[in-house]
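Work through the exercises below with the sequence and the structure open. Each task is followed by a solution in steps.

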Amino acid sequence: MFRKVPKGTNWFYTLGSATLFAFLSRPSPACSWRCTTTRRHAGLRVGAHITNDVFLGEFVRGMHKWGSSVMVILIFLHMARTFFFGAYKYPRELNWIIGVVLVILTFVMSLTGYLLPFDQRSYWATIVAANINGTGPLVGPFLSDFLRGGADFGATTLSRFYAIHMMLVPGLIAALIGAHLYLVAKLGTTAPPWLRADKDEKLREERV
Amino acid sequence: MTLTAHGAGAVAVGAFALPALGFAAGSALFDRPPATGAGRRPDDFPTTLRPARDHDVAGIGEVGKTTVYMRARNDEIDQPPNPPARRARSSRSRRAACTSAARSATSRPRALHLPVPRRRLRLPRQVDGGPPVRPLDRFYTRVRNGQVEVGPRYSVNSSSSASRATAIRRRTSTASASTSTRPLLDARSDSAMKLPLPPRPDASSRAQAPGRGRARKPLDQAKEAGHRAVDWVDERTSLSGGRAG
């Protein structure tokens with residue numbers, strides 16, 4: 001609250017915090033989802049069980065589903081603010097690079113999370129995504145096999161996507177967000193581009 | 001159901017109202033930068049920069065840690081019409097996390113070494129080359145009970161209006177010099193300054209004018225790639241502390 005910020009700091013500067021909140025609101029539904037799911041509710045009945053049986057389950061599920069879209073939107077708004085305010089320039093290039101990696105990891109979260117309901121739409125959409133990956137040069141076929149967990153699209157694919165979505169990528173994102181915030185705290189924020197340096201003759205003649 | 005709806009409404013309103021109240025009241029209640037004593041009388045300062053004391057600006061992390069360099073008015077440097085009686089200069093520039101180390105006052109009385117970028121800044125307004133140097137931050141100073149006190153830090157071109165300067169001076173707390181002063185110069189700085197100097201680039205990596213110097217082969221550049229990458233990251237993160245040497 002008492003951190004010094006440049007003149008002209010405005011609401012656009014809250015988009016990063018909003019994105020962080022959107023990310024932090026992901027695990028709680030996911031954890032409650034995981035904790036309320038028993039072997040008895042495994043498979044396709046998980047979604048129905050959470051939606052219909054668990055207290056506030058529909059709200060928690062909606063929070064996870066719609067929050068993911070909100071997070072992507074907020075990331076793009078945050079990137080646009082950073083780009084148009086020139087906040088990617090020296091000495092903040094490293095923070096921009098970390099941000100780009102974070103947005104890519106968010107896309108990976110979106111891709112892997114889309115399959116997890118395992119209904120018709122998510123199933124076929126993810127097949128299309130895996131096939132598109134397979135058309136990439138050199139590594140494409142290997143990447144497609146890696147995503148599917150073999151030649152066929154099935155239970156192994158679901159387990160693999162679940163592990164990536166639940167453990168691997170969230171850990172990477174959390175670590176990179178830590179580095180991102182460290183650099184923000186270290187380097188501070190930039191002033192808006194429309195803000196000019198004050199011209200005061202008395203102070204200007206003191207310049208080193 | 002009614003209770004749940006009202007409870008949810010209260011939480012939603014509170015989520016906006018409480019931070020707004022906090023931001024509105026926090027600055028007025030708590031943001032009062034204290035003035036700390038430099039522990040010297042105004043006439044005691046030399047005309048060359050000397051470290052007066054370490055200084056922390058609370059709440060802004062590493063960027064807030066600085067060393068205050070102070071000197072008296074020097075007619076050789078300070079020009080009319082209104083030169084101040086004292087100059088209190090930070091070891092930080094507006095380039096975030098950039099520190100400078102003053103070299104020995106006897107060997108180079110008017111030079112600050114900037115590790116980022118690694119260049120020497122001669123005072124005043126003289127640089128050896130490269131892009132223009134941003135000015136170092138300053139401190140407000142005043143005299144209370146015959147002692148010089150150091151007030152809040154300000155950036156030269158971010159806090160220049162007279163009204164803001166007056167407001168900051170007015171907000172400066174009136175802590176007594178007897179309770180807030182510290183010895184001006186510790187044992188380290190009683191003699192000539194012995195702050196560590198930043199490493200200087202060797203001749204092979206020093207930038208040459210176009211057309212001069214030997215052509216750098218790709219193998220040479222590859223050998224330096226790792227060092228340059230670490231240097232690039234360190235320059236932006238200050239993980240080595242910002243002052244190597």
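**Exercise 1.** State what the buried residues of H5(B) pack against, and list those residues.

Solution. The model is a predicted one.
Step 1. Take buried as under 20% relative accessible area. In H5(B), the residues that qualify are B:Asp220, B:Glu224, B:Arg236 and B:Thr237.
Step 2. Look for their partners across the chain boundary. The buried residues of H5(B) pack against H5 and helix H8 (155-187) of chain A.

**Exercise 2.** Compare the reach of helix H5 of chain B with the expected span, locate its bend, and describe the residue that follows the helix.

Solution.
Step 1. H5(B) covers residues 218-237, which is 20 residues.
Step 2. The expected span is 1.5 Å times one less than the number of residues. For H5(B) this gives 28 Å, and the distance from the first C-alpha to the last is close to that, at 28 Å.
Step 3. Follow the axis along the helix. At B:Ala225, H5(B) bends by about 45 degrees.
Step 4. Go past the end of the helix. B:Ser238 comes next, with a positive phi near 55 degrees.

**Exercise 3.** Classify the packing of helices H5 and H6 of chain A, and sort the residues of their contact by type.

Solution.
Step 1. H5(A) spans residues 93-115 and H6(A) spans residues 120-134; their axes lie 8 Å apart, at an angle of about 135 degrees.
Step 2. Angles over 145 degrees count as roughly antiparallel and those of 65 to 115 as roughly perpendicular, with 35 as the limit for roughly parallel. The angle falls outside these classes, so H5(A) is oblique to H6(A).
Step 3. H5(A) contributes A:Leu111, A:Tyr114 and A:Leu115 to the contact, while H6(A) contributes A:Arg121, A:Ser122, A:Tyr123, A:Ala125, A:Thr126 and A:Ala129.
Step 4. Sorted by type, these residues are six nonpolar, two polar and one charged.

**Exercise 4.** For each chain, give the numbers of helices and strands, the share of buried residues, and the share of contacts made by residues 24 or more positions apart.

Solution.
Step 1. Chain A has nine helices and zero strands, and its pattern along the sequence is α-α-α-α-α-α-α-α-α. Chain B has five helices and ten strands.
Step 2. In chain A, 33% of the 208 residues count as buried. In chain B, 38% of the 245 residues do.
Step 3. Count the contacts with a separation of 6 or more. Residues 24 or more positions apart account for 73% of these in chain A and for 59% in chain B.

Notes: Residues are numbered from 1 along each chain as its sequence is written. Chains are lettered from A and ligands numbered from 1 in the order in which they are written. This is a predicted model: local features need pLDDT of at least 70, side-chain atom pairs count only at pLDDT 80 or more; totals for chains, interfaces and linings use all residues. Side-chain values use heavy atoms; hydrogens and water are left out. Axes are lines fitted to C-alpha atoms, for helices over the stretch in contact, and angles run from 0 to 180 degrees between N-to-C directions. Helices (H or I, at least four residues) and strands (E, at least two) are DSSP runs, numbered from the N terminus. Contact means heavy atoms within 4.5 Å. Ala, Val, Leu, Ile, Met, Phe, Trp, Tyr, Cys and Pro count as nonpolar, Asp, Glu, Lys and Arg as charged, and the others, Gly among them, as polar. The bend at a residue is the angle between axes fitted to the seven residues ending there and the seven starting there. Buried means under 20% relative accessible area, exposed over 50%, partly exposed in between (1.4 Å probe, protein chains only).
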